[in-house]
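Biologist: I'd like to learn how to read a model like this one, feature by feature. Can you walk me through it?

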Amino acid sequence: MKIIGTGRAHPAKVVTNAMLEGFLDTSDEWIRTRTGITERRLISSERLEDLAAEASLKAIEDAGLTPADIDYIICSNVVNEYITPALSCIVQGAIGAKCACVDINGACSGFIYALDMADDRIRSGKARNILVLAAEEPTRMVDWEDRALCVLFGDGAGAAVLKNEESGIIDMLMGSDGTKGEALKCTSRSLGNFLTGERPELGFMTMDGQEVFRFAVKRVPESIESLMKRNQTAKEDIRYYILHQANERI
């Protein structure tokens with residue numbers, strides 16, 4: 001499986017760290033030294049579905065294809081304007097594609113999960129050209145009074161078209177840990193109906209930043225090592241890439 005085209009789209013509004021200083025007890029120095037972030041893009045007048053469609057069309061054009069050539073759409077999305085229909089279905093209609101589509105909720109790892117699903121579908125012969133899309137609007141979920149969390153997120157969309165070719169993605173390794181759910185979560189609409197006598201309320205995203213960091217720096221190297229052990233070709237390719245990058249810097 002090979003990526004033959006890519007595209008992206010982001011909101012027009014740039015939000016700098018200095019702008020956040022105006023209503024949060026934070027500073028540009030605090031944000032930059034801890035996250036490396038200097039600015040982010042936030043949806044204001046746009047709609048995520050339009051950004052997703054724009055990124056998708058760019059990826060399809062970059063691949064030298066048309067929407068009619070797309071056999072399947074996989075969209076990674078956690079939150080957008082709608083609970084239903086699926087964002088992939090909205091994008092399919094917007095770009096004029098005629099194929100099946102599905103959403104997955106994989107958060108930060110969603111695009112990788114979508115790639116793995118696309119690989120399986122291509123290998124099975126059920127699809128030739130698959131559009132993989134990641135479109136997220138996390139700023140819809142954050143509490144803009146939570147200075148430790150809201151500074152981290154921005155909105156946007158990225159897409160890739162995948163095709164069955166020998167030279168491309170060699171292998172992937174997937175994994176999950178359901179015991180870490182409390183580290184990063186956003187509760188859904190609360191229970192509220194005529195039986196409870198309450199109106200539903202929406203929750204905000206919460207995160208244990210230290211726990212997320214510890215998990216990432218431990219599991220990512222472990223996953224890379226496991227993948228290299230089971231795939232000698234990938235190991236040689238990674239070694240070549242590292243050496244090539246080192247030579248480029250020299």
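Modeller: Happy to. Let's begin with one residue, Y113, which lies in helix α5. Keep in mind that this is a predicted model.

Biologist: Is Y113 buried, exposed or partly exposed?

Modeller: Y113 has a relative accessible area of 24%, so it counts as partly exposed; the cut-off for buried is under 20%.

Biologist: Which residues does Y113 contact, leaving aside its neighbours within four places in sequence?

Modeller: Those contacts are I104, M174, G175 and S176. Take M174: it sits 61 residues from Y113 along the chain, yet the two C-alpha atoms are separated by 7.4 Å.

Biologist: What share of the contacts with a separation of 6 or more comes from residues 24 or more positions apart?

Modeller: In the protein chain, that share is 74%. For the overall picture, the chain has seven helices and nine strands, and 34% of its 250 residues count as buried. The C-alpha trace spans about 55 × 50 × 35 Å along its principal axes.

Biologist: Now the sheet. How do I read strand pairing?

Modeller: Strands of a sheet pair through backbone hydrogen bonds, in either the parallel or the antiparallel sense. Here, five strands make an open sheet in the order β1-β7-β6-β4-β5, with mixed pairing.

Biologist: Why do β1 and β5 each have one side without a neighbour in the sheet?

Modeller: β1 (2-9) and β5 (100-104) stand at the edges with a single partner strand each, so one side of each has no neighbour in the sheet. From one strand to the next, the twist averages 15°.

Biologist: Where does the mixed pairing show up?

Modeller: Look at β6. With β7 (residues 156-163), strand β6 (residues 129-136) pairs in the antiparallel sense over eight bridges. With β4, the pairing of β6 is parallel, over five bridges.

Biologist: Can you give me residues to click on?

Modeller: Try I130 in β6, which is the bridge partner of Y72 and stands opposite L162 in β7. Then go to E136, whose bridge partner in β7 is G156.

Biologist: How many of the residues of β6 are buried?

Modeller: Seven of its eight, so to read this strand in the usual terms, β6 is mostly covered. As for helices on the sheet, α5 (residues 110-123) lies across β4, β5, β6 and β7, and runs at about 165° to β6.

Biologist: And what does a buried residue look like up close?

Modeller: S76 is a handy case. It is found in strand β4 (residues 72-76) and counts as buried because its relative accessible area is 1%. Beyond residues up to four places away in sequence, S76 touches a set that includes I104, G106, A107, F111 and L133.

Biologist: How should I read a helix with buried residues?

Modeller: An α-helix has 3.6 residues a turn, so residues three or four places apart point the same way. In α4, the buried residues are L87, S88, I90, V91, Q92 and I95. Their cover includes α3 (48-62), β4, β5 and β6.

Biologist: What about backbone oddities?

Modeller: Most residues other than glycine have a negative phi, and most peptide bonds are trans. In this chain, a cis peptide bond joins T84 and P85, with omega about 10°; P85 lies in the loop between β4 and α4. After α4 comes G96, with a positive phi near 85°.

Biologist: Which residue has a positive phi although it is not a glycine?

Modeller: That's A107, with a phi of about 50°. A107 lies in the loop between β5 and α5 and, at 41% relative accessibility, counts as partly exposed.

Biologist: Last one: how do I read a pocket?

Modeller: Rolling a probe the size of a water molecule over the atoms shows where empty space is left. The second largest pocket here has a volume of about 420 Å³. Its lining has 16 residues, of which T35, A148, L152, M207 and G209 lie nearest the centre.

Biologist: Which element supplies the largest share of that lining?

Modeller: α6, with four residues. Elements that each supply at least two lining residues are α2 (28-35), β9 (205-207) and α6 (209-230). By class, the lining has nine nonpolar, four polar and three charged residues.

Conventions. Residues numbered from 1 in each chain as written. Predicted model: local features only at pLDDT ≥ 70, side-chain atom pairs only at ≥ 80, totals over all residues. Heavy atoms only, no water. Buried < 20%, exposed > 50% of the residue type's maximum accessible area, 1.4 Å probe, protein only. Contact = heavy atoms within 4.5 Å. 1 Å grid on protein atoms, 1.4 Å probe; cavity = no way out; pocket = protein on both sides within 12 Å on 5 of 7 lines; lining within 4 Å. Points joined across faces, edges and corners; volume = space filled by probe spheres on them. Nonpolar A, V, L, I, M, F, W, Y, C, P; charged D, E, K, R; others polar. Pairing = 2+ DSSP bridges. Axes fitted to C-alpha atoms, helices over the stretch in contact; angles between N-to-C directions.
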